[in-house]
Amino acid sequence: MGKIFSIAQNTFRETIRDRVFYSLLFFALILIALSMILGNLTLTKPIKIIHDFGLGSISIAGTLIAIFVGIGMLYKEMDKRTIYTILSKPIHRWQFLIGKYLGLGLTISVEVVVMSLIVFLLSFYYVPEIPLKLFFAIVPIFFELMLILAFSFLFSSFSSSFLSGMFTLSIFVIGHFTSDLKMLAQGTDNVIFQKLSIFLFYFLPNLEALNFKPEVVHNLAISYEKLFFSIIYAISYTIVVLLIAIFIFNRRDIK
Amino acid sequence: MSIKNAVEIQNLSKSFKTGLKKRFQALNNLSLTIKENEIFGYLGANGTGKTTTFKLMLGLIFPDTGDIKFWGVSFQDVKTRANIGYLPENPYFYSYLTGQESLNFTASMFDMKSNIKKERINEMLDLVNLQHAKDIQLRKYSRGMLQRLGIAQALVHDPKLLILDEPMSGLDPMGRKDMRNIILSCKDQGKTVLFSSHIISDVEMICDRASILSNGVLKKIITVDDIMDRDSNGWEITFKGNADTIESINSKNENFILKQLSAKDIFLLKAIDKKIAFEILNIIQKQGAELLSFVPLRISLEEIYIATTLKKDQ
Ligand SMILES: Nc1ncnc2c1ncn2[C@@H]1O[C@H](COP(=O)(O)OP(=O)(O)OP(=O)(O)O)[C@@H](O)[C@H]1O
Ligand SMILES: [Mg+2]
């Protein structure tokens, strides 16, 4: 456990000392500033725009960060050959991978907390009360990011960094449309399309299940049961993806 | 006490995928044993599989066939690595860490108590002469400083076996001397050292045994002391003498070659047989002639190396 912790701590330290971390945070800030401008321009209540755009920014910036650091971690270790000095020590490869995952997970948590704080402050500026309901959207977004991070580990355990990035991004995009695709496919006569959409629906993660933005922004009732099961779903999926990543990484030559 | 084997490599083969259907055989059926407490030089030209062998030993890559055992335990058990200190070829470390942080991180991969850890890190910084740079980020280290840090991280947990991939590369003459001394002192502490190198004189100077690898095949194992002892190439004597000396030597009428060098009274004598060489030495001393040098003509490791490497594969 101590070894995993050391790797996690060191990974976190790396991202904090890395400039990429701050540039992505900067990107999130721009998105949020944009929401302010839009909020002032539109006729609807600006607070809704702030919440909608703010949550969207957390999700998109968070996803990009997750993909970026997730793909970067193995690639950098291999490219700079720092991995030789670590994996030649008495640690299992799964310990290395889990340590890395926890370290980057912590990085993403920090990013999510910082971005959330900014959205909260903005919201407070327009309506002087703390919008606690936003948590109902932010928490599932966080678990979605952890799942995306796991996918980026899985893909980079066997493919190049460019392909891994593409694959993970596809998972994000398709993951938000699987249920739409299935519905669309049921309306057509195309058997192949139907089969494919069913395959995607059952094997790829249904990320829409973790999207509670509409409920939160439009003050609709939130099913706690649905929230709970969505989170359990995300955690289980994450564990399975990480196990597959470990399975592949264990057999791989470190060249 | 019988001599134990630190490393046993049995029928090790490794190929790499180089194309859709093509594979490159980097190591071919390699078997090698390294005894406990010996310094073993692993020689071979560029691209003959030295680094590949080391990576296999540390489980970084996996063999097609064969096994490697450390004190009887297979490399597949990660615990074997608790006894191994490894210096990779051109070692790289996290550049955002300082020297001390980096050693601390390395040490945390072993089960060490924190007070012992601190002490060891401090000792290592002294050993490799990096105490002055311990708070500098590694991105600002020079190539040789990184190599020194590499040795420190390989030794921090006091391993029984050291595997060093070209430990001398990137070091200045002083650094090379330090490295040789570190390796020798490791032997004194009972450790076993396996290292690859292109600098044959270093190997000749400190190794007990050496092997020569050529295109993934182990060609030869040499006991370095043997070639140092051997007088098969004869002996060479130079001396300052007069006609009397020459006469008494010639009267022996044995198998040797005597030559007068350009300086009139200096002579060079080559004898094949050790006994004759010593008899002549005796005469020179009895005659009161001045002995200038008396050296065995031995084959150098370099000659063996070149002869072995040049031989075309059958
Ligand atoms: N990942 C790889 N894929 C394909 N070929 C490889 C790979 N790694 C090594 N090789 C090949 O295996 C051979 C042995 O390489 P290795 O690095 O072990 O050589 P070496 O003896 O350490 O050489 P050097 O003295 O230059 O360090 C080389 O011909 C190299 O091209
Ligand atoms: Mg090499």
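At 48% relative accessibility, B:Asn129 counts as partly exposed in this predicted model. The residue sits in the loop between α3 (114-127) and α4 of chain B. Its phi is near 65 degrees, a positive value in a residue other than glycine. Most residues other than glycine have a negative phi. B:Asp158 also has a positive phi, near 55 degrees, and is not a glycine either. B:Asp158 is found in the loop between α4 and β7 (161-165) of chain B. Its relative accessible area is 44%, so B:Asp158 is partly exposed, falling between the 20% and 50% limits.

The loop between α3 and α4 of chain B also holds B:Gln137. B:Gln137 is partly exposed, with a relative accessible area of 23%. Buried would require a value under 20%. Leaving aside neighbours within four places in sequence, B:Gln137 is in contact with B:Ser95, B:Tyr96, B:Leu97 and B:Thr98 of chain B. B:Gln137 also contacts A:Arg17, a residue of chain A. B:Gln137 and B:Glu119 are 18 residues apart in sequence. Their C-alpha atoms are 21 Å apart in space.

B:Ser102 lies in helix α2 (residues 99-107) of chain B. At 6% relative accessibility, B:Ser102 counts as buried. With residues up to four places away in sequence not counted, B:Ser102 touches B:Phe93, B:Leu97, B:Leu138 and B:Leu149. B:Leu97 is thus a contact of B:Ser102 and a contact of B:Gln137.

Helix packing in chain B comes next. Helix α4 (residues 143-155) and helix α5 (residues 173-188) of chain B pack at an angle of about 10 degrees, with their axes 12 Å apart. Angles under 35 degrees count as roughly parallel, so α4(B) is roughly parallel to α5(B). On the α4(B) side, the contact is formed by B:Arg148, B:Ile151 and B:Leu155. These residues meet B:Gly175, B:Asp178, B:Met179, B:Ile182 and B:Cys186 in α5(B). The residues of this contact divide into five nonpolar, one polar and two charged.

On a broader scale, chain B is divided into domain 1 (5-228) and domain 2 (235-296). The C-alpha centres of the two domains lie 47 Å apart.

In soluble globular proteins, nonpolar side chains tend to be buried together. The largest nonpolar core here has 94 residues. Residues of both chains are among those with the most contacts inside the core: A:Ile83 and A:Phe96 from chain A, and B:Val7, B:Met57 and B:Ile68 from chain B. Helix α6 (residues 135-156) of chain A gives the most to this core, with 13 residues. A:Phe96 touches A:Ile7, A:Leu74, A:Glu77, A:Ile83, A:Ile86, A:Leu87, A:Ile91 and A:Phe249, with residues up to four places away in sequence not counted. Apart from this core lies another, of 44 residues. Its members include B:Leu43, B:Met168, B:Val203 and B:Leu301.

In chain A, A:Pro90 lies in the loop between α4 (82-87) and α5 (93-126). A:Pro90 is buried, with a relative accessible area of 9%. Its contacts, not counting residues up to four places away in sequence, are A:Lys3, B:Val78, B:Arg81, B:Ala82, B:Met109 and B:Phe110. The C-alpha atoms of A:Pro90 and A:Val191 are separated by 52 Å. Along the chain, A:Pro90 and A:Val191 are 101 residues apart.

Two serines of chain A lie in helices. A:Ser164 is placed in helix α7 (residues 161-175) of chain A. At 0% relative accessibility, A:Ser164 counts as buried. A:Ser164 touches A:Ile71, A:Phe155, A:Ser156 and A:Ser159, again not counting residues up to four places away in sequence. A:Ser197 lies in helix α9 (residues 191-203) of chain A. Its relative accessibility is 2%, so A:Ser197 counts as buried. Leaving aside neighbours within four places in sequence, A:Ser197 is in contact with A:Leu181, A:Lys182 and A:Ala185. A:Ser197 and A:Asn40 are 157 residues apart along the chain, and their C-alpha atoms are separated by 41 Å.

Definitions and conventions
Residues numbered from 1 in each chain as written. Chains lettered and ligands numbered in written order. Predicted model: local features only at pLDDT ≥ 70, side-chain atom pairs only at ≥ 80, totals over all residues. Heavy atoms only, no water. Axes fitted to C-alpha atoms, helices over the stretch in contact; angles between N-to-C directions. Helix = DSSP H or I, 4+ residues; strand = E, 2+ residues; numbered from the N terminus. Parallel < 35°, antiparallel > 145°, perpendicular 65-115°, else oblique. Contact = heavy atoms within 4.5 Å. Nonpolar A, V, L, I, M, F, W, Y, C, P; charged D, E, K, R; others polar. Domains from an automatic or database assignment. Core = buried A, V, L, I, M, F, W, Y, C linked by side-chain atoms within 4.5 Å. Buried < 20%, exposed > 50% of the residue type's maximum accessible area, 1.4 Å probe, protein only.
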